[in-house]
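Trainee: I have this chain open in the viewer. Could you take me through its core closely, and then show me how the rest of the chain relates to it?

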Amino acid sequence: MKHDWVRRALTRHLIHKGRVHIVEPDEKLVLGVKFAIAMTLCLSALEIAHIAFLGSWNSEIFAGITGLIGTVSGILISQKS
């Protein structure tokens, strides 16, 4: 799929002796990152609904959001190194 930005973000380009080697990510890694991003969006929507209907902040939902964002960021950064 040419519009798969997650796969493109996880793809490594290694340069060895003037040649570029492209290393594609594992399919399970791509699916895991997509799942984590989807869950982050769901938790964000849940937090917005919680604020809208109950008028208060839920720190447990926010902790879940920050945990997932940290996980996705860590995967993307470590995959590029």
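**The core and its surroundings**

Mentor: Start with the largest nonpolar core, which has 6 residues: Val 6, Leu 10, Val 30, Val 33, Ala 36 and Val 72. Two helices, α1 (5-10) and α2 (27-54), each give at least two residues to this core. The largest share, 3 residues, is from α2. Keep in mind that this is a predicted model.

Now put the core into the order of the chain. There are 3 helices and 2 strands. Read from the N terminus, the order is α-β-β-α-α.

Take Val 6 next. Set aside the neighbours within four places in sequence. Val 6 then contacts Val 30, Val 33, Lys 34 and Ile 37. Two of these partners, Val 30 and Val 33, are named in the core as well.

Leu 10 is another core member, and it leads us to helix α3. Leu 76 lies in α3, which covers residues 59-80. Leaving out residues up to four places away in sequence, Leu 76 touches Ala 9 and Leu 10. Is Leu 76 buried or exposed? Neither label fits: its relative accessibility is 27%, so Leu 76 counts as partly exposed. The cut-offs matter here, because buried means under 20% and exposed means over 50%. Now look from Leu 76 to Gly 55. They are 21 residues apart in sequence, and their C-alpha atoms are 35 Å apart in space.

Stay in α3 and go to Ile 65, which is also found in that helix. Ile 65 has a relative accessible area of 8%, so it is buried. Its partners beyond four places in sequence are Thr 40, Leu 43, Ser 44 and Glu 47. Check the backbone here too. Ile 65 and Met 39 are 26 residues apart along the chain, yet their C-alpha atoms are separated by 8.3 Å.

Then turn to Lys 17. Where is Lys 17 placed? Lys 17 is in the loop between β1 (12-16) and β2 (19-23). With 74% relative accessibility, Lys 17 is counted as exposed. Its phi is near 55 degrees, a positive value in a residue that is not glycine. Set Lys 17 against Val 33, a member of the core. The two are 16 residues apart along the chain, and 32 Å lies between their C-alpha atoms.

Step back to the whole chain. Along the principal axes, the C-alpha atoms fill a box of roughly 60 × 25 × 15 Å. The radius of gyration is 17 Å, whereas a compact globule of 81 residues would be near 12 Å. Buried residues account for 20% of the 81 residues.

Next, the contacts. Consider those between residues at least 6 apart in sequence. Of these, 45% join residues at least 24 apart.

Finally, the surface and the charges. The chain exposes about 6000 Å², and 68% of that is supplied by carbon and sulfur atoms. The chain carries 9 positive and 6 negative charges, and the mean positions of the two sets are 15 Å apart.

To retrace the path in the viewer, begin at Val 6 and its contacts, Val 30 and Val 33 among them. Move to Leu 76 and find Ala 9 and Leu 10. Go on to Ile 65 and its contacts, including Leu 43. End at Lys 17, in the loop between the strands β1 and β2.

Notes. Residues are numbered from 1 along each chain as its sequence is written. This is a predicted model: local features need pLDDT of at least 70, side-chain atom pairs count only at pLDDT 80 or more; totals for chains, interfaces and linings use all residues. Side-chain values use heavy atoms; hydrogens and water are left out. Helices (H or I, at least four residues) and strands (E, at least two) are DSSP runs, numbered from the N terminus. The radius of gyration is taken over C-alpha atoms; the globule rule is 2.2 Å times the number of residues to the power 0.38. Buried means under 20% relative accessible area, exposed over 50%, partly exposed in between (1.4 Å probe, protein chains only). Contact means heavy atoms within 4.5 Å. Accessible areas come from the Shrake-Rupley method with a 1.4 Å probe; for residues, only the protein chains shown count as cover. Lys and Arg count as positive and Asp and Glu as negative; His and the chain ends are not counted. The place of a charge is taken as NZ of Lys, CZ of Arg, CG of Asp or CD of Glu. A nonpolar core is a set of buried Ala, Val, Leu, Ile, Met, Phe, Trp, Tyr and Cys residues joined through side-chain atoms within 4.5 Å.
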